[in-house]
Amino acid sequence: MPRFSVIVPCYKVQGFLRECLDSVLEQSFRDVEVIAVDDCSPDGSGAILDEYARRDARVRVLHLPENAGLGRARNAGMPLAGGDYLLFLDGYDTLTPGALQAMAHRLEESADPDVLVFDYARTYWWGGTRRNVPARVLAEAGEETFTAAERPQILDLLMVVWNKLYRRDFVEAGGFTFPPGYYEDTPWTFPVMLSAGRIATLDRICVNYRRRRQGNILSTTSRKHFDIHDQYERVFAYVDAHPELASWRPCLHRKMGEHCLDILAKPDRLPPSDKAEFFRRTAELFRALRPQGAPVDEEVRALLGGYAAYRLRRQSGRARRELGRRALRVRRAAAGRVKGGWAALHTLRPLEPDLVMYSAFSHRGALGDPAAIHRKAREIAPHLRGVWVVRDAGQAERAGLLPPDAEYVLLGSLRYRRLAARAGYFVNNVNWPGSLPKRTGSVHIHTHLGTPLKFMAADLLGKPGARHGLDVPAMLERADRWDYSLVANRHSELVWERAYPCGFTSVRTGSPRNDALVNARPGDGAAVRARLGVPPGNTVVLYAPTRRDHRRGGHVERFDLARFAADLGAGHTLAVRLHPSLAAGPARGMGLAELHRRGVLVDATDEPHVEDVMLAADVLVTDYSALMFDYAVLDRPIVVHADDWGAFTASRGAYFDITARPPGHVSRTYDELARLFASGRWRDQESARLRERFRARFCEFDDGWAAERVVRTLLLGEKGWMPQPSAPVPATAAAAAQVPAQALGHDRLAPS
């Protein structure tokens, strides 16, 4: 008897069916059967199902003699299912990689609950992906099982059949079936969820729900949407037949009203000529099913009146919202003029040479090179007033991105404009807003985001996909304000002067944030390892993939993280750090968060300072992330996983072939990557030889003095404070021993 029975009803889905079936049959968890129901589909769906059944014994096909509809097709498949759990998957949707394994683990943890609720993502025909908005309910539910009465917020999730697993004997004992018509999920999911004695949740995206351009029931304009009334009558009939559920009537009554009004408000559901009738029938049902004495919430109160009043209310609501938007634009414009006027007045005042404005990563907080410069300035030049510019101070403080005693100002505020109008120095690693004027005498120091491998700025003009949504001319206009561009190697110097054809001076300072890596002592990463829960003595493998410009959303799962963690074996900890642009998207929900919860790996994406994560790692596995140039400073092994190098360079472009001059061994497939670690070759002599050559080229000016060099030379204007290479290094012998050999022989400050 298989663990899972996946029931797939099929009708006019031949263009999507193979992808759907492959997503199930190619799962790493193999104890599954597919019950595919051909709902007398007029296209080639039935033939595709028969082909898969011949090829894979886990597939059983049922051909219905006539079209029964989605609900009845599911009913037809259920008697054939022999699995412990039922999973319903529509023929145009797909399971995400690793979904069944994650479900199996969660079922084992929760001792086989009646229902397991998991997350999903909407994937749109135009390529977009959006995670389920109320997914937080899944995480908030915790580890223990519960009933709907104990956690009623579980009903705030989309009441569909395909975001849940159902224990088969629970379904059979309850006699749950699907009715005919549209919205057939409604009289299934409410009775199931209200009757379940034990519900568990899995905070992981397990299904990609495809929103098709055509053929999607919810986007079909038809009178069939009137079926919603019959479906809710079935829900209330079930409650009436089970007196123990009577207390749910007010909740269901409200949800029915909200659901019907949502259908009425959608522009593409009902024919315009039928909307008045739909409202009338909804209002009649709403009044008929209203529990005696139950209050009526504001959201559904319109159903107590007539259709004319409902339309007037909606029109007036739209008018109020439009007036509000216009008033907000007027207020913002007026506030901008006031702030601009105050800022203009301050430009009449002399610059404050001791005022330094800092920003990093689009005003997220004290991070990267600007943070390293700020720390060093506070140490050796405390008279300098450093002010951080942030978008959200509360968020930055909660994330540990602002030192407790750091002075900060909110971007766009009057105080920001006042200080920015008088500041003598500006330090940033991205760019300042276009509205910030460049006053004569002010100094802009740009630190960048690391050594560039992929095309940047003006070099993207020939890569339309990679520069989608990016205004390159505006970017260059903002870069015209730069006075100094910091570089860690001559490669970066050449690239920045090509990618940003502006009037700045390149300064060979090294990367200030890498001072912590150059000067690292044994044990510096111990605190981070302990915070991440790494067992003492384990080898930490840091996996840091970059985003893909040729995929909408930027995230592509290159291999099965759980499999990699298992293949690394005992004594190893896999730590994963996503690209910052992917941290808040669906990438975490595709399995990373769930694997972290189970202790399979460590999700280090939210660690505020990447330098700490690098110090905690023994080896870096990356694809084309600029992190490799910083990590090389540590002189620890690096593996480049370049399985899509051709696609990456075609879409984004690269300044050199990282596979030809890599910092370590290169893998082209997952099997090659796994063999590198199984054999120990990831840290052999060839790896060290490749890394030495890479370090000589790209860690050229990183000698541990970058931050101090910037402060003393560019902020304080000191000359000749650092000795020439032939002179002794001005530090203790211990500190001098930390200076990489490749850095010696170069001026500590050598403007090009």
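**Entry 1: helix H15**

I began at the start of H15, where a side-chain oxygen of Asp 471 comes to within 3.2 Å of the backbone nitrogen of Ala 474. I am working from a predicted model throughout. H15 covers residues 472-479, and I listed its buried residues as Val 472, Ala 474, Met 475, Leu 476 and Ala 479. What do they pack against? I found helix H16, residues 490-499, on the other side of that contact.

**Entry 2: the seven-stranded sheet**

Next I traced the open sheet of seven strands and wrote down its order as S12-S11-S10-S13-S14-S15-S16, with parallel pairing. Which strands stand at the edges? They are S12 (407-410) and S16 (505-507); each has a single partner strand, so one side of each has no neighbour in the sheet. I also noted the twist: neighbouring strands are turned by 25° against each other on average, ignoring direction.

I then looked at S14, residues 443-446. Is each face of this strand covered or open? Both faces are covered, with Val 443 and Ile 445 buried on one side and His 444 and His 446 buried on the other.

S14 pairs with S13 (residues 423-428) in the parallel sense, over four bridges. For the register, I have Tyr 425 with Val 443 as its bridge partner in S14, and Asn 428 opposite His 446. S15 (residues 484-486) also runs parallel to S14, and two bridges join them. His 446 turns up again here, with Ser 485 as its bridge partner in S15. So much for the pairing in this part of the sheet.

I checked what lies over these strands. Helix H26, residues 706-715, lies across S10, S13, S14 and S15, and runs at about 170° to S15.

**Entry 3: Tyr 358**

I picked out Tyr 358, which is found in strand S10, residues 352-358. Why does Tyr 358 count as buried? Its relative accessibility is 1%, and the cut-off for buried is under 20%.

I then pulled its contacts, leaving out residues up to four places away in sequence. Tyr 358 touches Pro 370, Ile 373, His 374, Ala 377, Gly 386, Val 387, Trp 388, Val 389, Val 427, Trp 432 and Leu 715. For one of these, Val 389, I looked up the C-alpha separation from Tyr 358: 6.1 Å, for two residues 31 apart along the chain.

**Entry 4: the six-stranded sheet**

I found another open sheet, this one of six strands in the order S19-S18-S17-S20-S21-S22, with parallel pairing. S19 (602-603) and S22 (666-667) stand at its edges, each with a single partner strand, so one side of each is left without a neighbour in the sheet.

S17 (residues 539-544) and S20 (residues 619-622) pair in the parallel sense over four bridges. Within that pair, I noted Val 621 in S20 as the bridge partner of Tyr 543. Helix H24 (residues 670-679) packs on the sheet and touches S17, S20, S21 (638-641) and S22, with its direction at about 165° to that of S21. Helix H19 (residues 561-568) lies across S17 and S18 (572-576), running at about 155° to S18.

**Entry 5: helices H8, H9 and H10**

How do H8 and H9 run relative to each other, parallel or antiparallel? The axes of H8 (residues 227-241) and H9 come within 11 Å and cross at roughly 175°. Angles over 145 count as roughly antiparallel, and H8 and H9 are therefore roughly antiparallel. The residues in contact include Tyr 232 and Val 235 of H8, and Leu 252 and Met 256 of H9.

I did the same for H8 and H10 (residues 275-289): their axes come within 11 Å and cross at roughly 10°. H8 and H10 are therefore roughly parallel. Among the residues making this contact are Glu 233 and Phe 236 of H8, and Phe 278 and Arg 281 of H10.

**Entry 6: nonpolar cores**

Which members of the largest nonpolar core touch the most other members? Of its 100 residues, they are Phe 4, Phe 88, Met 103, Ile 154, Leu 165 and Trp 188. H9 (residues 249-265) gives the most to this core, with seven residues. Apart from it lies another core, of 53 residues, among them Leu 460, Leu 615, Tyr 631 and Phe 694.

I looked closer at Leu 165, whose contacts include Phe 4, Met 103, Leu 107 and Asp 114. Met 103 and Leu 107 are also among the buried residues of helix H4, residues 99-109. After H4 comes Ala 111, and I noted its positive phi, near 55°.

Technical notes:
Residues numbered from 1 in each chain as written. Predicted model: local features only at pLDDT ≥ 70, side-chain atom pairs only at ≥ 80, totals over all residues. Heavy atoms only, no water. Buried < 20%, exposed > 50% of the residue type's maximum accessible area, 1.4 Å probe, protein only. Contact = heavy atoms within 4.5 Å. Polar contact = N/O pair within 3.5 Å; in protein donor to acceptor, adjacent residues only side chain to side chain. Pairing = 2+ DSSP bridges. Core = buried A, V, L, I, M, F, W, Y, C linked by side-chain atoms within 4.5 Å. Axes fitted to C-alpha atoms, helices over the stretch in contact; angles between N-to-C directions. Parallel < 35°, antiparallel > 145°, perpendicular 65-115°, else oblique.
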